[in-house]
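Got your viewer open? Load the model and let's take a walk through it, one selection at a time.

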Amino acid sequence: MDARQLVRRTPVVRPADALAPALAAMLAADLPGLVVRLDREFLVIPASQALRAVLPRYVLDDAALGRVWDEASADVLMQRLAGKQVADLVAAIDRDRDGPDHVVEADATVVELAAVMAAAHLPLVAVVEDGRLLGVVTVDDLLGRLLA
(Lines give C-alpha, C1' and ligand atoms only; values in the text may rest on other atoms or scores of the structure.)
Protein backbone atom coordinates (compact mmCIF):
# COMPACT_ATOMS: atom_id res chain seq x y z
CA MET A 1 0.00 0.00 0.00
CA ASP A 2 1.27 3.47 -0.79
CA ALA A 3 0.41 7.03 0.25
CA ARG A 4 -1.78 7.49 -2.85
CA GLN A 5 -4.16 4.82 -1.50
CA LEU A 6 -4.46 6.44 1.93
CA VAL A 7 -4.77 10.06 0.84
CA ARG A 8 -7.73 12.23 1.78
CA ARG A 9 -8.68 15.61 0.36
CA THR A 10 -7.62 18.68 2.26
CA PRO A 11 -8.20 22.39 2.04
CA VAL A 12 -5.06 24.25 1.03
CA VAL A 13 -4.46 27.81 2.17
CA ARG A 14 -2.01 30.50 1.12
CA PRO A 15 -0.14 33.01 3.30
CA ALA A 16 -2.40 35.92 2.26
CA ASP A 17 -5.58 34.06 3.35
CA ALA A 18 -7.39 35.16 6.50
CA LEU A 19 -6.41 32.89 9.39
CA ALA A 20 -9.79 32.38 11.08
CA PRO A 21 -11.55 30.98 7.96
CA ALA A 22 -8.47 28.84 7.21
CA LEU A 23 -8.66 27.28 10.66
CA ALA A 24 -12.42 26.85 10.30
CA ALA A 25 -11.88 24.96 7.01
CA MET A 26 -9.33 22.72 8.74
CA LEU A 27 -11.84 21.91 11.48
CA ALA A 28 -14.68 21.36 8.98
CA ALA A 29 -12.48 18.84 7.14
CA ASP A 30 -11.78 17.10 10.49
CA LEU A 31 -8.03 17.42 10.04
CA PRO A 32 -5.36 17.74 12.73
CA GLY A 33 -3.41 20.33 10.79
CA LEU A 34 -3.31 22.91 8.06
CA VAL A 35 -1.63 22.66 4.64
CA VAL A 36 -0.13 25.94 3.44
CA ARG A 37 1.01 26.46 -0.14
CA LEU A 38 4.26 28.46 -0.13
CA ASP A 39 5.26 29.17 -3.74
CA ARG A 40 6.15 25.69 -5.05
CA GLU A 41 6.26 23.91 -1.70
CA PHE A 42 3.80 22.84 0.97
CA LEU A 43 4.10 23.41 4.70
CA VAL A 44 2.10 21.37 7.20
CA ILE A 45 1.21 23.13 10.43
CA PRO A 46 -0.21 20.94 13.23
CA ALA A 47 -3.42 22.30 14.72
CA SER A 48 -1.72 22.58 18.10
CA GLN A 49 0.75 25.05 16.60
CA ALA A 50 -2.12 27.23 15.34
CA LEU A 51 -2.48 28.29 18.96
CA ARG A 52 0.75 30.25 18.56
CA ALA A 53 -1.24 32.82 16.59
CA VAL A 54 -3.51 33.60 19.55
CA LEU A 55 -1.34 33.20 22.62
CA PRO A 56 0.64 36.15 23.92
CA ARG A 57 4.41 35.75 23.58
CA TYR A 58 4.93 35.75 27.35
CA VAL A 59 2.62 32.72 27.71
CA LEU A 60 4.49 30.90 24.96
CA ASP A 61 7.74 31.62 26.78
CA ASP A 62 6.38 30.47 30.16
CA ALA A 63 3.18 28.38 30.12
CA ALA A 64 2.74 28.90 33.88
CA LEU A 65 1.83 32.53 33.12
CA GLY A 66 -1.31 31.25 31.43
CA ARG A 67 -2.70 30.67 34.91
CA VAL A 68 -3.24 34.43 35.33
CA TRP A 69 -5.90 34.32 32.60
CA ASP A 70 -9.38 33.56 33.91
CA GLU A 71 -12.05 32.05 31.64
CA ALA A 72 -13.62 35.41 30.80
CA SER A 73 -10.24 36.76 29.78
CA ALA A 74 -9.54 33.63 27.73
CA ASP A 75 -12.36 34.62 25.35
CA VAL A 76 -10.11 37.49 24.31
CA LEU A 77 -7.73 34.97 22.77
CA MET A 78 -10.08 34.21 19.90
CA GLN A 79 -10.42 37.92 19.19
CA ARG A 80 -6.68 37.92 18.51
CA LEU A 81 -7.43 36.01 15.28
CA ALA A 82 -9.28 38.99 13.81
CA GLY A 83 -7.25 40.54 11.05
CA LYS A 84 -4.55 37.85 11.13
CA GLN A 85 -3.44 36.06 8.01
CA VAL A 86 -2.02 32.58 7.51
CA ALA A 87 1.35 34.32 7.00
CA ASP A 88 1.19 35.45 10.65
CA LEU A 89 0.87 31.83 11.72
CA VAL A 90 3.71 30.71 9.43
CA ALA A 91 5.91 33.42 10.98
CA ALA A 92 4.92 32.40 14.54
CA ILE A 93 5.82 28.72 14.31
CA ASP A 94 9.25 27.30 14.96
CA ARG A 95 10.04 26.27 11.40
CA ASP A 96 13.21 24.29 10.88
CA ARG A 97 14.02 24.77 7.20
CA ASP A 98 16.69 22.07 7.44
CA GLY A 99 14.46 19.70 9.38
CA PRO A 100 12.41 16.74 8.20
CA ASP A 101 10.13 17.18 5.23
CA HIS A 102 6.37 17.66 5.54
CA VAL A 103 5.71 16.11 2.13
CA VAL A 104 5.94 12.61 0.66
CA GLU A 105 5.61 11.37 -2.89
CA ALA A 106 2.47 9.46 -3.82
CA ASP A 107 4.36 6.16 -3.98
CA ALA A 108 5.69 6.46 -0.40
CA THR A 109 5.19 3.32 1.67
CA VAL A 110 3.39 3.23 5.01
CA VAL A 111 6.77 2.94 6.72
CA GLU A 112 8.01 6.07 4.93
CA LEU A 113 4.84 7.90 5.98
CA ALA A 114 5.32 6.82 9.58
CA ALA A 115 8.98 7.87 9.52
CA VAL A 116 8.18 11.36 8.20
CA MET A 117 5.38 11.87 10.74
CA ALA A 118 7.57 10.69 13.61
CA ALA A 119 10.66 12.65 12.58
CA ALA A 120 8.78 15.91 12.00
CA HIS A 121 6.31 15.46 14.91
CA LEU A 122 3.38 15.87 12.49
CA PRO A 123 -0.15 14.49 12.77
CA LEU A 124 -0.43 14.57 8.96
CA VAL A 125 1.76 14.83 5.88
CA ALA A 126 1.07 16.22 2.44
CA VAL A 127 1.14 13.80 -0.48
CA VAL A 128 2.30 15.06 -3.88
CA GLU A 129 2.63 13.62 -7.34
CA ASP A 130 4.56 15.48 -10.03
CA GLY A 131 4.54 18.57 -7.79
CA ARG A 132 0.73 18.50 -7.48
CA LEU A 133 -0.91 18.04 -4.08
CA LEU A 134 -3.11 14.95 -3.94
CA GLY A 135 -4.14 15.47 -0.32
CA VAL A 136 -2.91 14.37 3.09
CA VAL A 137 -2.49 11.23 5.15
CA THR A 138 -3.24 11.65 8.84
CA VAL A 139 -1.76 9.68 11.71
CA ASP A 140 -5.26 8.27 12.31
CA ASP A 141 -5.43 7.05 8.70
CA LEU A 142 -1.99 5.53 8.98
CA LEU A 143 -2.54 3.84 12.35
CA GLY A 144 -5.90 2.57 11.13
CA ARG A 145 -4.12 0.89 8.23
CA LEU A 146 -1.30 -0.48 10.36
CA LEU A 147 -3.66 -1.87 13.00
CA ALA A 148 -6.12 -3.42 10.51
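Here is a tour in a few stops, from the inside to the surface.

Before you click, know that this is a predicted model: local features need pLDDT of at least 70, side-chain atom pairs count only at pLDDT 80 or more, and totals for chains, interfaces and linings use all residues. Residues are numbered from 1 along each chain as its sequence is written, and side-chain values use heavy atoms, with hydrogens and water left out.

**Stop 1: helix H2**

Select residues 19-28, which make up helix H2. Helices (H or I, at least four residues) and strands (E, at least two) are DSSP runs, numbered from the N terminus. Which residues of H2 are buried? They are Leu 19, Ala 22, Leu 23 and Met 26. "Buried" means under 20% relative accessible area, "exposed" over 50%, and "partly exposed" in between (1.4 Å probe, protein chains only). The four buried residues sit on the same side of H2, because they cover an arc of only 95° around the axis; that arc is taken from the directions from the helix axis to the C-beta atoms. In general, an α-helix has 3.6 residues a turn, so residues three or four places apart point the same way.

Now spin H2 around: the face turned away from the buried side carries the exposed residues Pro 21 and Ala 28. To see what covers the buried residues, show E1, strand E2 (33-38), helix H3 (47-50) and helix H6 (86-92), which are among the covering elements. Just after H2, click Asp 30, which takes a positive phi of about 55°.

**Stop 2: the core**

Next, select Leu 34, Val 36, Ile 45, Leu 89, Val 104 and Leu 113. Of the 44 residues in the largest nonpolar core, these touch the most other members. A nonpolar core is a set of buried Ala, Val, Leu, Ile, Met, Phe, Trp, Tyr and Cys residues joined through side-chain atoms within 4.5 Å.

Zoom in on Leu 89. What is it in contact with, leaving aside its neighbours within four places in sequence? You should find Leu 19, Leu 34, Ile 45, Gln 49, Ala 50 and Ala 53; contact means heavy atoms within 4.5 Å.

**Stop 3: Thr 138**

Hop over to strand E6 (residues 132-138), where you'll find Thr 138. Thr 138 counts as buried because its relative accessible area is 2%. Beyond its neighbours within four places in sequence, its contacts include Arg 8, Leu 31 and Met 117.

**Stop 4: salt bridges**

How many salt bridges does the structure hold? There are 4, each a side-chain nitrogen of Lys or Arg within 4 Å of a carboxyl oxygen of Asp or Glu.

Stay with Arg 8, whose side chain meets that of Asp 141 in a salt bridge (2.8 Å, N to O). This pair links distant parts of the chain: Asp 141 is in helix H8 (residues 139-147) and Arg 8 in the loop between helix H1 (3-6) and strand E1 (12-13), 133 residues apart.

Now pick Asp 2 and Arg 4, a salt bridge with its closest N and O atoms 2.9 Å apart. Add Glu 129, and you have a network of salt bridges linking the three.

Finally, select Asp 61 and Arg 57, which pair up at 3.0 Å, N to O. Both lie in helix H4, 4 residues apart, about one turn of the helix, and both are exposed.

**Last stop: Val 68**

Look in the loop between helix H4 (57-61) and helix H5 (71-79) for Val 68. At 64% relative accessibility, Val 68 counts as exposed.
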